[in-house]
Amino acid sequence: MPLSDVLHQDAAIGRITRALASTRVPHAYLFSGPPGVGKELLASKLAQLLLCTGTNVAMAESRVGSAVRAVQPNDSCGTCPDCILFAAGNHPDYHRIHRALNKMHPDKAVQRRKAIDLGVDVIRHFVLDRIMLCPSRGIAKVFIIVEADRLTIQAQNALLKTLEEPPGHSYLILLASAPDDLLATTRSRCQHIALGALPDAFVSERIERDRQLAPADTAFLVQLAQGSLGMALRYADMGIQQRARNVVSVCKAAIDDPLGAGKALAELAKELSSGAKDTDADEEGDTNAAREAQALVLAITGTLLRDVQRAVVGTSPLARIGDPTITALANRSSTRSIANAIRALSTAEYQIGQNANAGLIFDSIGIALNRAFGSAVAV
């Protein structure tokens, strides 16, 4: 199970490989990057390598000149008992820390809380109380904290001493899509490795292979996902490619009825929120599903507006290739009016994050679309 199985992240893999080769692996990492680009996959493969007895023993023997086999420093053996346990999801020294662990906390009051953030109670019980214990298998303990950018300030403060002086047998890997949301004191105690967006061609190939979508639908998802394979596949499973056609119609309808268009976008967000609650696993169930669905509707609208902008300047659209409505809307608009509409989407996204009234937010989007398209010949 080599680290190189994580594709198109050569810089990140190179840094980890060099650390492994020097036998000076940091005890605290921060992996950052957009969602769905391989952060957790890379962290889990590094965890398996750190826990692999076959690789670690062989590497130790090679340093004293008696290696029994050649060992690549970025490759776990895959056959030792630890690798078998890891592959089965049962390794006792591998700990995946996430918000929904509050449901497994011994305190009933903690169990009843909504897992909006990754709180100090979860960190104390599932990390701090366990990291000082000796490994069950005698090699190491690895803690992967997913969505680390949702750690509360109290949880981060509780982690600081452990991040700075962790037990010699332990490793912590924090995963964050928005590392700037972490305290500077938290970031400074971790070796920061940034993962980048994936190439559009790679994302497109994987969608076509794994979801068998039409090329036009694939093209839209690639543009919406912005280099995130994980998000592109999730959008495909949600049927977002069909929803895009509805949003194109809403943009056209905003010419005559801007408030009706805003209401239609708000209703779409409600539908997406309900679908997310039905399909998400309990462990990953998101109490912010409504806000995330609203942000997704804005992202879909923004993707379509970028296509209109390209058509305005005489460049072929990338997301809705060959859609005549995109061309018709471009004929009614200008680069300035589309830029203003995109700025309105950015403002709306901020307002969603501040829990502003969703109805008013989408009313403003309908008005912005009307101003972008409502000043020329009829479509």
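**Group meeting: a five-stranded parallel sheet and its surroundings**

The accessible surface of the chain comes to about 17,800 Å², and 52% of that area belongs to carbon and sulfur atoms, where accessible areas come from the Shrake-Rupley method with a 1.4 Å probe and, for residues, only the protein chains shown count as cover. Before going on, I should say that this is a predicted model, in which local features need pLDDT of at least 70 and side-chain atom pairs count only at pLDDT 80 or more, while totals for chains, interfaces and linings use all residues. Residues are numbered from 1 along each chain as its sequence is written, and side-chain values use heavy atoms, with hydrogens and water left out.

Let me begin with the chain as a whole. Its C-alpha atoms fill a box of roughly 80 × 50 × 35 Å along the principal axes, and of its 379 residues 46% are buried, buried meaning under 20% relative accessible area, exposed over 50%, and partly exposed in between, with a 1.4 Å probe and protein chains only. If we take the contacts (heavy atoms within 4.5 Å) with a separation of 6 or more, 73% of them join residues 24 or more positions apart.

The chain has 17 helices and five strands, these being DSSP runs numbered from the N terminus, with H or I over at least four residues for helices and E over at least two for strands. How are the five strands ordered in the sheet? The sheet is open, its order is β2-β3-β4-β1-β5, and the pairing is parallel, two strands being paired if DSSP finds at least two bridges between them. At the edges stand β2, residues 94-97, and β5, residues 191-194, each of which pairs on one side only. Neighbouring strands are turned against each other by 20 degrees on average, direction ignored; axes here are lines fitted to C-alpha atoms, for helices over the stretch in contact, and angles run from 0 to 180 degrees between N-to-C directions.

I would now like to look at β4. Strand β3, residues 141-145, pairs with β4, residues 170-176, in the parallel sense over five bridges; K141 has S170 as its bridge partner, and V142 stands opposite Y171. Five bridges also join β4 to β1, again in parallel, with A28 opposite L172. In a regular strand the side chains alternate between the two faces of the sheet. For β4, both faces are covered, with S170, L172, L174 and A176 buried on one side and Y171, I173 and L175 buried on the other. Helix α7, residues 153-164, lies across β1, β3 and β4, and runs at about 130 degrees to β4.

Two residues around this region deserve a closer look. Is T152, in the loop between β3 and α7, buried or exposed? T152 counts as buried because its relative accessibility is 18%, and beyond its neighbours within four places in sequence T152 is in contact with D117, L118, G119 and V120.

R130, in helix α6, residues 120-131, counts as partly exposed because its relative accessibility is 30%. Not counting residues up to four places away in sequence, R130 touches H95, H125, K141 and F143. R130 and K141 are eleven residues apart in sequence, with 9.2 Å between their C-alpha atoms, and K141 is the residue whose bridge partner in β4 is S170.
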